[in-house]
Amino acid sequence: MSKKKYCEKFSVPEHLTVPLGACIPAPVKEQRAMITGNWRTERPVIDHEKCNLCLNCFIFCPDSSWHLDEEEEKMVWNADFCKGCLLCVAECDVDCLDAENELNFKGGVVRLDKPY
Amino acid sequence: MAKEMFLAGCSAAAYGAALARVEVITSFPIRPYTGIMMELSKLVANGELDAEFVHGEGEHAQVAIAYGAAAAGARAYTGSSGVGVTYAMECYSPASGGRLPCQMAIADRALDPPGDFGSEHTDVMSCRDQGWIMGWAETPQEVLDNTIIYYRIGEDPRVLLPQFCCQDGYFVSHIPGKVVMPEQSQVDEFLPPYKHPHALDPTKPISHGPQIYPDQGPAINLQRAQAFLDTPAVIEEVIEDFNKIFGRDYKPFLDEYRTDDADFVFFIQGGHARTARFAVNHLREKGVKAGMVKLRFVRPFPTEAVAETLSKFKAVGCVENSTSYGGAMKGGNLIHEVRSALYDVDNPPAVTSFMSGLGGEVVSLEEFYSMAKVLAEAAKTGKVEQYVYWVGFDKGV
């Protein structure tokens, strides 16, 4: 009978190796391996004059894309991770946030270094 | 003198888990596997076993808890039957992809409809592509031994995969048999404490199951495929070691019964192999050259061993205890694997399959005799008339 060995060892190129079980060091701040800003079609734009720093946007943002810069005393938006869900716009108590189309901005949406 | 007990499969599985010193047990009731958790909860309540006993809110939660426990560095044990097995389906791939070797004890139960308490392998066979090690036991003794053996295989650094440790519901899980109880010192020698290369540790924070780029997806799948390529050698090593320490005589993949000069064999897994042994004896008394080959692992499927062993015979009948509706052979699952394994063999045997024992029906001696008639004819002509026979419904069986 012919006896076939099916395969013994796959060869994986260096750039495609992944850690065992896909476990990676926990991100200290941002998971740069998965930028989600390019999912966005609209973005929240803040009017700092109207903002009373109530932190509603920070509380309701599901992606932690708003934080308070305590020195400058203003809210800072993270373009790399905001998916444009606009919950912050709906939850803002003083109407200082507006939704604007991505195409109105130079450069448009955030692009990945390597497009899919 | 080793201690002997009279145990049903459920109790045997529980004692096996206790001897393996499981640290986290997670339960949810469903017949017939519930007996395992009843026995284990007693052992924990009586202070005979030091383990966390967590009651999940369903089977999905059960496997998720076992996943978390294994990630935290504990030897985790859970289990289910029938629709409970399929309800937890989402959690199987994360556990194998995350390379977390928890164990799921199974006592098979037919899937709905209708509500059927009988045994049938379709519940776990439906999960055979989820990256778990998988195999069936024939007796309560084999259930206890497999429980310990599977942990050793799954926790090997070359493997690191979760395991389905299966027994037929009722036929094995509820019918007692004689079980030789291993000494705790033997089990401790065979099965070292569980150590995972990246168990959760607050001083070295890591992410389990993070989002990845699509081009990393194939690489992760390949990693699991590689683990399964490496597993057969580990199984052979582990079984040899087990036989040496416990004085048993297990074959790693295929258990052959009276096959020396057999014309045809029943290819079978699980509890019905016991009936097959009696059928083979009776057929031999009548001069029919029948034999039996019992499959001990479905995953990893022992392709080379099956090709080498089954090519010795003129005809092979896969006794199917699970369904693959609309599959290539229109019947069960084993025949797909067997025919694939035999494709490159010179002069392959005639291979057919028999749907029997579905929904908890007994595969009776009479059914084996009618299968033998079909197989004897196939051995004579070298051809099979049909790929699948529904025993009791089809012509000729």
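This is a walk through a predicted model, taking chain A before chain B.

Start with the layout of chain A. Its secondary structure consists of two helices and five strands. Along the sequence they run in the order β-β-α-β-β-α-β. Chain A has 116 residues, and 29% of them count as buried. Its exposed area is about 8200 Å². Carbon and sulfur atoms supply 52% of that area. Now look at the contacts in chain A with a separation of 6 or more. Residues 24 or more positions apart account for 68% of them.

Part of the surface is a nonpolar patch. A:Phe58, A:Ile59, A:Phe60 and A:Leu87 make this patch, which covers about 370 Å². Helix H1 of chain A, residues 56-60, gives the largest share, with three residues. A:Phe58 is in this helix. Its relative accessible area is 44%, so A:Phe58 is partly exposed.

Next, go to strand E5 of chain A, residues 97-101, where A:Ala99 sits. A:Ala99 also counts as partly exposed, because its relative accessibility is 34%. Set aside the neighbours within four places in sequence. A:Ala99 is then in contact with A:Glu42, A:Arg43, A:Leu86 and A:Val89. A:Glu14 is another matter. It lies 85 residues from A:Ala99 along the chain, and the two C-alpha atoms are 43 Å apart.

Turn to chain B and its helix H1, residues 9-19. Buried or exposed, what are the residues of this helix? Here 11 of the 11 are buried, so the helix is largely enclosed by the rest of the structure. Among them are B:Gly9, B:Cys10, B:Tyr15 and B:Leu19. Several alanines are on the list too, including B:Ala12, B:Ala13 and B:Ala14. B:Arg21 follows the helix, and its phi is positive, near 55 degrees.

Strand E7 of chain B, residues 163-167, holds B:Gln163. This is a polar side chain to look at closely. With a relative accessible area of 0%, B:Gln163 is buried. What does its side chain reach? The partner is the backbone oxygen of B:Leu161, at 3.0 Å. Beyond the neighbours within four places in sequence, B:Gln163 is in contact with residues including B:Pro101, B:Cys102, B:Gln103 and B:Met104. Aromatic residues also touch B:Gln163, among them B:Trp132, B:Tyr150 and B:Tyr151.

Aromatic rings come next. The count is 12 aromatic pairs over all chains. One of them joins B:Phe190 and B:Phe246. Their ring centres are 5.7 Å apart and their planes stand at 80 degrees, so the pair is edge-to-face. The pair links distant parts of the chain, 56 residues apart. B:Phe190 is in helix H8, residues 184-190, and B:Phe246 is in helix H9, residues 217-246, both of chain B. B:Phe190 and B:Phe246 are both buried. A further aromatic pair is tilted: B:Phe242 and B:Tyr250, at 6.1 Å centre to centre with 45 degrees between the planes. B:Phe242 and B:Tyr250 are buried as well. Together, B:Phe190, B:Phe242, B:Phe246 and B:Tyr250 form one aromatic cluster.

Helix H9 of chain B also takes part in charged pairs. Over all chains, the count is 24 salt bridges. In one of them, B:Arg152 meets B:Asp241, with the closest N and O atoms 3.0 Å apart. Why does this pair tie together separate parts of the sequence? B:Arg152 lies in helix H7, residues 140-155, and B:Asp241 lies in helix H9, both of chain B, so the parts joined are 89 residues apart in sequence. B:Arg152 counts as buried because its relative accessibility is 17%, under the 20% cut-off.

B:Asp241 has another partner, B:Lys244, with the closest N and O atoms 4.0 Å apart. B:Lys244 and B:Asp241 both lie in helix H9 of chain B, three residues apart, about one turn of the helix. B:Lys244 is exposed, because its relative accessible area is 66%.

Two more sets of charges complete the tour. B:Asp249 and B:Lys251 meet in a salt bridge at 3.6 Å, N to O. B:Asp249 is exposed, at 62% relative accessible area, whereas B:Lys251 counts as partly exposed, at 36%. Finally, a network of salt bridges links B:Glu138, B:Glu142, B:Asp255, B:Arg277, B:Lys294 and B:Arg296.

Methods
Residues are numbered from 1 along each chain as its sequence is written. Chains are lettered from A and ligands numbered from 1 in the order in which they are written. This is a predicted model: local features need pLDDT of at least 70, side-chain atom pairs count only at pLDDT 80 or more; totals for chains, interfaces and linings use all residues. Side-chain values use heavy atoms; hydrogens and water are left out. Helices (H or I, at least four residues) and strands (E, at least two) are DSSP runs, numbered from the N terminus. Buried means under 20% relative accessible area, exposed over 50%, partly exposed in between (1.4 Å probe, protein chains only). A polar contact is a pair of N or O atoms within 3.5 Å; within protein, one must be able to donate a hydrogen and the other to accept it, and residues adjacent in sequence count only if both atoms are side-chain atoms. Contact means heavy atoms within 4.5 Å. Patches are made of residues with over 30% relative accessible area and no salt bridge: like charges are joined within 9 Å, nonpolar side chains (Val, Leu, Ile, Met, Phe, Trp, Tyr) within 5 Å. Accessible areas come from the Shrake-Rupley method with a 1.4 Å probe; for residues, only the protein chains shown count as cover. A salt bridge is a side-chain nitrogen of Lys or Arg within 4 Å of a carboxyl oxygen of Asp or Glu. Rings of Phe, Tyr and Trp (its six-membered ring) pair if their centres lie within 6.5 Å; planes under 30 degrees apart count as stacked, over 60 as edge-to-face and the rest as tilted.
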